[in-house]
Amino acid sequence: MATFLYKLGRLSFRRRRYVALLWVLLLGGIGYASSAAPAPPADSFSMPGTDSQKAFDLLDERFPAASAEGATARVVIRAPEGEKITDPAAKAEVNQLVAALGKGPQVAGVADPYKANAVSKDGTTAYASVTYKVISTELTDKTHDALTDATDKTRAEGFTVETGGDAVQAEQEMGGSAELIGIAVSAVVLVITFGSLIAAGLPLLTAIIGVGIGVSGIAALGSVLNLSGTTSTLAMMIGLAVGIDYALFIVSRYRAEIAEGREPEEAAGRATGTAGSAVVFAGLTVIVALAGLSVVNIPMLTKMGLAAAATVAIAVLIALTMIPALLGFAGKRALRRKDRKNLKSRADSKDRGLTKPGATHSATDAKNTKPNLGTRWARLVLRRPVTVLLIGVLGLGAVAIPATSLELGLPDEGTSAPDTTQRKAYDLLSESFGAGFNGPLMVTVDTGGTKDAAAAAKTVGTSLAKVDGVAAVTPASVNPAGDTAIITVVPTTGPSDHKTEELVKTIRSQASGLEADTKSDVLVTGQTAMTIDFSQTLDDALLPYLGLVVGLAFLLLMLVFRSVLVPLKAALGFLLSVAAALGAVVAVFQWGWLADIVGVDQPGPIMSMMPIFMIGVVFGLAMDYEVFLVTRMREAYVHGARPAEAVVTGFKHGGRVVGAAAVIMISVFSGFIMENDDMIKMMGFGLAIAVFFDAFVVRMAIVPAVLALLGKSAWWLPRWLNKLLPNMDVEGEKLHKTLAPSSSPAAEDEDEDRNNDEEEERELEPVRG
């Protein structure tokens, strides 16, 4: 692979104008296609095979006029202090409000609170249910304005009026600037890392082009593949982060090759052949992790995962082709001005015969060069591997403790900010009608074509009213055909309460007996039941997904490192970092620690999809750092370095770059914490903290400590397995032999470095033993 990528890098360098033009034309073409494509479909949520989805589909078929998929709004009205909502004057005002709501655009119907028994027992509060003909994302501005105008008019008369439901437009305070924040911080980190505006600009430019192609492609294919607008959120988040990182590693390797005296074309080829090989396998691990979300069998997650995986694949292709092409335009200007002057001075000295034949300036001054931070850190870890290992493992273990109290759920209006109208409506309903009123259960009774649904529903309703945890059961609503009925069951507890989940399980366990008595199918649905089924679906898929992702990635890493213990160590380290990240998420979003700093308005359960999302995304990203850092160690080991020396070499050449890449990825994810969407905010925080733990604790501390303790055993591979596995030559061993590295300008540097480290190696020998 390294040889092929070496040739690809040189070809892209030589044909840089054509390569750059090709990618620009591709971006323009897909951008035009996305602008001309129909609007993407609205978000749709389904869970094939679950009871709640079956009931939902049944309602959509048997009650088409009820707009089962249509948006809803619940307008809660409370009478002024000391008055009743049933007083004649108040009743007249409420009737005017109901009439105004019914005249709004896209309204399918409004339930009169006095006819629908929607008045509280104390007579102070009532609510009107508004249903719309379209789903919430298709509501127009005029529709939102009509709802707001109607409620404002009643509020002006002294009534307390608050509105909840998915038809209510969420307040937008910021939003849309997450990418800009991430790019801005990334630019600063790149400039500091490279010390060159040109070198810093290359990763940013290619990442933006890659994300642009990916997101535009999603928009262009949205109507064809039924990809909603939110499908691109994860693709943008991941694509931007890995796009910058992959380009960063190749540009960094190119600068190292130039600094060793190679010509730009040769340096671009070698950088693509070595660092590019690591990029390919790092990208594959991310793609496997994201595409593996399809095993969950939730269409929304499958589409998001596949779209993000496609964007990562584009980022890999751009890094392997467009980066060498742009390096062809940049040449030696990708180096710092100081480094360019040193190269020129070195060349002038050689021309004047001031250096010995075969020697280089860097080799002559090697003993006088201060080791960089990566080298010093690696040597520190190698001296105290047990101490570093214990501190890292125990520290992450302590952070992971809150994860033991993890509570999963989906956000509802009870977790909204206290000053929002949705939260106020939620609280008013809870105070006046009971906590369970905000999460009613819908029980469907299907008689299979016979017209006795009313009688069957009455029997079912009478039985359910006796179940513990049921506050009320409303009379059944029967469809015109008379073969299907809906019963609304109000729990005594709130929608996120564990007792409500137990109630759903109890009703479903009794359904078989009710079905036998009434000769009908009894199913439970509603928002609360959908949330419960969603969490259960994710729980059931977690272990198979984890096994698939870790198993495939283990095989990929075994191909990369030709080792059994290194991939095993990588997987275990990932699990530790994910557990710590989940603990931090629980502490902030569930317990409320540092909630004001992060912007958490109301602590509550962790979103059900968060653990599986973190496992998928973080595993791929964690393997990025494992591949980039340990591949350089493997490369040094294959070329003759001793185990401890190989670790030092990996940190010497890769530590600074991996640290910069991690800071960039953290900044990209952290930018999404500023978003209003609870899911995006939680994902941004969780991914950012997970990358921090994995890059700076696991990969930078635990990995070198473990490798120091394992010594040569780290690179052990059974002979039979070594023969069985194809040699992908990720570390470029075959490439180096082909290019005769012994005659390269850097050969003397490598020998000098090895001699300088021999004493350090001897000191570390007792530790490894």
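Me: Leaving aside its neighbours within four places in sequence, which residues is K569 in contact with?
Reply: In this predicted model, K569 is in contact with E626, V703, V706 and L707. K569 itself is found in helix α20, residues 565–590.

Me: What makes K569 count as buried?
Reply: Its relative accessible area is 10%. Buried means under 20%, so K569 is buried.

Me: Let's turn to charged pairs. How many salt bridges does a search of the whole structure find?
Reply: The search finds 20 salt bridges.

Me: Why is the pair of R14 and E265 called a salt bridge?
Reply: The closest N and O atoms of R14 and E265 are 2.8 Å apart. A salt bridge needs the side-chain nitrogen within 4 Å of the carboxyl oxygen, so this pair qualifies. R14 lies in helix α1 (residues 2–14) and E265 in helix α10 (residues 264–291), so the pair ties together parts that are 251 residues apart in sequence.

Me: Why is R14 called partly exposed?
Reply: R14 has a relative accessible area of 42%. Buried would mean under 20% and exposed over 50%, so R14 falls in between and is partly exposed.

Me: How do you know that D483 forms a salt bridge with R62?
Reply: The closest N and O atoms of D483 and R62 are 3.6 Å apart, and the cut-off is within 4 Å, so the pair counts. D483 lies in the loop between β8 (477–478) and β9 (484–491), while R62 is in helix α3 (residues 51–62), so parts 421 residues apart in sequence are tied together. D483 counts as buried, at 10% relative accessibility.

Me: Where do E257 and R253 lie?
Reply: Both are in helix α9 (residues 231–259), 4 residues apart, about one turn of the helix. They form a salt bridge, with the closest N and O atoms 3.2 Å apart. E257 counts as buried at 4% relative accessibility, and R253 counts as buried at 7%.

Me: Which residues do salt bridges that share partners join into one network?
Reply: R10, R14, E265, E266 and R270 are joined in this way.

Me: Now the rings. How many aromatic pairs does a search of the whole structure find?
Reply: There are 11 aromatic pairs.

Me: Why is the pair of Y127 and F437 called edge-to-face?
Reply: Their ring centres are 5.1 Å apart and their planes stand at 70 degrees. Centres within 6.5 Å make a pair, and planes over 60 degrees apart count as edge-to-face, so the name fits Y127 and F437. The pair links distant parts of the chain, 310 residues apart: Y127 is in strand β3 (residues 125–132), and F437 is in the loop between α16 (421–433) and β6 (441–446). Both residues are buried. Y127 and F437 also form one aromatic cluster with F433.

Me: What makes Y246 and F628 an edge-to-face pair?
Reply: The centres of their rings are 6.1 Å apart and the planes are at 65 degrees. Set against the limits of 6.5 Å and 60 degrees, these values make the pair edge-to-face. Y246 lies in helix α9 and F628 in helix α22 (residues 610–638), so the pair ties together parts 382 residues apart in sequence. Y246 and F628 are buried.

Me: Which ring does R16 lie over at 5.3 Å from the ring centre?
Reply: That is the ring of F13. The charged end of R16 also sits over the ring of F329, 5.9 Å from its centre.

Key:
Residues numbered from 1 in each chain as written. Predicted model: local features only at pLDDT ≥ 70, side-chain atom pairs only at ≥ 80, totals over all residues. Heavy atoms only, no water. Helix = DSSP H or I, 4+ residues; strand = E, 2+ residues; numbered from the N terminus. Buried < 20%, exposed > 50% of the residue type's maximum accessible area, 1.4 Å probe, protein only. Phe/Tyr/Trp six-rings, centres within 6.5 Å; stacked < 30°, edge-to-face > 60°. Lys NZ or Arg CZ within 6 Å of the ring centre and 35° of its normal. Contact = heavy atoms within 4.5 Å.
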